[in-house]
Amino acid sequence: MIGLDLGSTAAKMIRFEGKIKEWRIVKSYQWKELVPSEGEICTTGYFRKALPNVKSITEITAARYGTTYFFPDVEVIVDIGGQDTKVIDMRNNSFVINDKCSAGTGAFLEFFAEYLGMSMSEMGKIYGNAEKVELNNTCGIFMLSEILSKLVNGYSKEEVISGIQWSCAQKVASMVPEADKIAVIGGVAQNEGIVNMLSKILGNVMVPEHPQLINALGAALYGNK
Ligand code: ADP
């Protein structure tokens, strides 16, 4: 079974046959490269309807199937993607989504990483002394001028980046209900700083192997049902 997560930023593919056999990640507009010439497919993700005539499930269902494969007793799933953040409470079958504001999404971090001339993985490793740089604006656009003012006034690039990541983590954490078993998935779960900060705010969070592929895995598992 092939699970295809046609996300708003990245397209992900997993081939699952009893275990994960193969996986690939490309940019969202390159998704056709991931479609196999044969084999059953189940899609999920924002653009899941782009491939017609195959089984397709919402990202919420995919996240549930994919995450419980690794953490069967997870209580809350936090999916931080490129354009939105979703928080699913498994205990009462509810979810909240932030897709209106870039703060607390990968797009927010990417905007500043690009502005400051670094990759997302480089940025993710810088998170010390976050409390030193207090950023009051949560809006990306307004935050840019606040950041420039910090840099002009002598804060280091590293301090400012920590502050940006802290602000993003706080925004995400504000959506998360209290729970003992919280899992973080989605591309941004690869950001060490965000995960570390979420653990500080929410208590230890769990991150599965290949967190960006969890919804593709969930689609494959659902497709196999
Ligand atoms: P979507 O499903 O909405 O397309 P994903 O869950 O694929 O989103 O996540 C995409 C986001 O993950 C992007 O904003 C990207 O910058 C971020 N990302 C990808 N790889 C990394 C990494 N190694 N470190 C930090 N962030 C990453």
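Met-90, in this predicted model, is in contact with Arg-64, Thr-68, Val-74, Glu-75 and Ile-77, its neighbours within four places in sequence being left aside. The residue belongs to the loop that joins β7 (85-89) to β8 (94-98). Its relative accessible area is 19%, and because the limit for a buried residue is under 20%, Met-90 counts as buried. One of its contacts, Ile-77, is 13 residues away in sequence, and the two C-alpha atoms are 7.6 Å apart.

**Helix α2 and its surroundings**

Helix α2 comprises residues 106-115, and its buried residues are Gly-106, Phe-108, Leu-109, Phe-112 and Ala-113. Viewed down the helix axis, these buried residues fall within an arc of 160 degrees, and they therefore line one face of α2. The elements that cover them include α3 (120-124), α4 (140-152), α5 (157-173) and α6 (192-202).

Both ends of this segment have features of their own. At the N-terminal end, Thr-105 acts as a cap, with a side-chain oxygen 3.3 Å from the backbone nitrogen of Ala-107. Just after the helix, Gly-117 adopts a positive phi of about 70 degrees.

Phe-112 is a residue of α2, and its relative accessible area is 0%, so this side chain belongs to a buried residue. Apart from residues up to four places away in sequence, Phe-112 touches Met-123, Gly-140, Met-143, Leu-144, Ile-147 and Ile-164. By contrast, Ile-182 stands 70 residues from Phe-112 along the chain, with 27 Å between the two C-alpha atoms.

**Helix α4**

The 13 residues of α4 should span 18 Å at 1.5 Å a residue, and the end C-alpha atoms are indeed 18 Å apart, so the expected and modelled spans agree. Buried positions in α4 are Gly-140, Met-143, Leu-144, Glu-146, Ile-147 and Lys-150. These buried residues pack against α2 and α5. Just after α4, Gly-154 has a positive phi of about 100 degrees.

**Gln-165 in helix α5**

Gln-165 is located in helix α5. With a relative accessible area of 0%, Gln-165 is buried. A polar atom of its side chain lies 2.9 Å from the backbone oxygen of Met-123. Beyond its neighbours within four places in sequence, Gln-165 is in contact with Leu-109, Met-123, Gly-124, Ile-126, Tyr-127, Asn-191, Gly-193, Ile-194 and Met-197. Met-123 thus appears among the contacts of Gln-165 and also among those of Phe-112.

**Loop residues**

Three further residues in loops are set out below.

| Residue | Loop | Relative accessible area | Class |
|---|---|---|---|
| Asn-53 | between β4 (41-44) and β5 (55-56) | 81% | exposed |
| His-210 | between β10 (205-206) and α7 | 32% | partly exposed |
| Gln-190 | between β9 (182-185) and α6 | 52% | exposed |

Asn-53 has a phi near 65 degrees, a positive value in a residue other than glycine. His-210, likewise a residue other than glycine, has a positive phi near 50 degrees. Gln-190 is in contact with Pro-211 and Gln-212, its neighbours within four places in sequence being left aside. Between Gln-190 and Ile-41, which are 149 residues apart along the chain, the C-alpha separation is 26 Å.

**The largest pocket**

Rolling a probe the size of a water molecule over the atoms reveals where empty space is left. The largest pocket holds about 850 Å³ of space. Its lining consists of 37 residues, and those nearest its centre are Thr-9, Gly-81, Gly-82, Gly-187 and Gln-212. At least two lining residues come from each of β2 (10-16), β3 (20-27), α2, α3 and α7 (214-223).

Two elements described above recur here. Helix α2, whose buried residues line one face, also supplies residues to the lining of the largest pocket. Gln-212, a contact of the exposed residue Gln-190, is one of the residues nearest the pocket centre.

Key. Residues are numbered from 1 along each chain as its sequence is written. This is a predicted model: local features need pLDDT of at least 70, side-chain atom pairs count only at pLDDT 80 or more; totals for chains, interfaces and linings use all residues. Side-chain values use heavy atoms; hydrogens and water are left out. Buried means under 20% relative accessible area, exposed over 50%, partly exposed in between (1.4 Å probe, protein chains only). Helices (H or I, at least four residues) and strands (E, at least two) are DSSP runs, numbered from the N terminus. The arc is that of the directions from the helix axis to the C-beta atoms. Contact means heavy atoms within 4.5 Å. A polar contact is a pair of N or O atoms within 3.5 Å; within protein, one must be able to donate a hydrogen and the other to accept it, and residues adjacent in sequence count only if both atoms are side-chain atoms. The expected span of a helix is 1.5 Å times one less than its number of residues. On a 1 Å grid over the protein atoms alone, a cavity is a set of points where a 1.4 Å probe fits but cannot get out, and a pocket is an open set with protein on both sides within 12 Å along at least five of seven lines; lining residues have an atom within 4 Å of a point. Grid points are joined across faces, edges and corners, and a volume is the space filled by probe spheres set on the points.
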